[in-house]
Amino acid sequence: MQRLRQIWLRIHRWAALGIGWVLILSGLTGCVLVAAKPLDRWMHPALFRAHTVAEEGAKPVPLAKVLKHVRTEFGAKASFTLRPPRQADDTLWVLVRGPWNGTVYIDPATGLAQGRRGESQGFTNALFKLHSALWLQETGKAVLAWVALV
């Protein structure tokens with residue numbers, strides 16, 4: 001029994017030394033992301049704060065109109081995920097997956113695009129890609145899952 005315990009301890013130690021750095025990297029980048037997201041919003045207000053704040057009781061542009069506009073721009077094969085504004089002065093985010101991958105930031109009062117950012121543009125997005133997939137897309141996600149399992 002003591003012999004099995006020693007073997008298990010040796011396997012555990014070398015596995016941790018060999019792949020533990022991946023979990024450390026993921027943990028550290030996650031910690032930095034906690035501070036980086038608010039800093040990104042502060043440093044790039046043109047993307048995250050709507051130019052036109054809707055007046056009290058005013059209705060924003062219908063989402064169907066926004067979707068029609070982005071479908072025209074990015075094509076029928078692109079898919080879209082909408083993230084509505086969470087505060088009165090927030091922009092509407094349209095996450096685009098297709099020929100171009102990224103986020104378009106739209107003024108909800110006017111329906112006009114205020115800017116866009118590719119999925120790997122900017123420090124925060126690049127750091128998130130490292131944190132979530134080791135910059136290896138689906139392969140990186142699988143590596144992280146297996147390392148966490150081990």
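## Exercises on strand pairing and a surface patch

Strand E3 (residues 102-106) and E4 run antiparallel and are joined by 5 bridges, strands being DSSP runs of E with at least two residues, numbered from the N terminus, and two strands counting as paired if DSSP finds at least two bridges between them. The model is predicted, with local features needing pLDDT of at least 70 and side-chain atom pairs counting only at pLDDT 80 or more, while totals for chains, interfaces and linings use all residues. Residues are numbered from 1 along each chain as its sequence is written, and side-chain values use heavy atoms, with hydrogens and water left out.

**Exercise 1.** Describe how E3 and E4 are connected, and state which residues of E4 stand opposite Tyr105 and Ile106.

*Solution.* Begin with the connection: E3 and E4 form a hairpin with 6 residues between them, and in the turn Gly111 has a positive phi of about 80°. Then take the opposite positions: Tyr105 faces Gly115 in E4, whereas Ile106 faces Ala113 in E4.

**Exercise 2.** Place this hairpin in its sheet, giving the strand order and the edge strands.

*Solution.* The open sheet has 4 strands in the order E1-E2-E3-E4, with antiparallel pairing. Its edge strands are E1 (79-83) and E4 (113-118), each of which pairs on one side only. From one strand to the next, the twist averages 20°.

**Exercise 3.** Locate Met1 relative to helix H1 and decide whether Met1 is buried or exposed.

*Solution.* Met1 lies in the segment before helix H1 (2-43). Because its relative accessibility is 83%, Met1 counts as exposed, a class that requires over 50%, with buried meaning under 20% and partly exposed in between (1.4 Å probe, protein chains only).

Note on methods. Axes fitted to C-alpha atoms, helices over the stretch in contact; angles between N-to-C directions.
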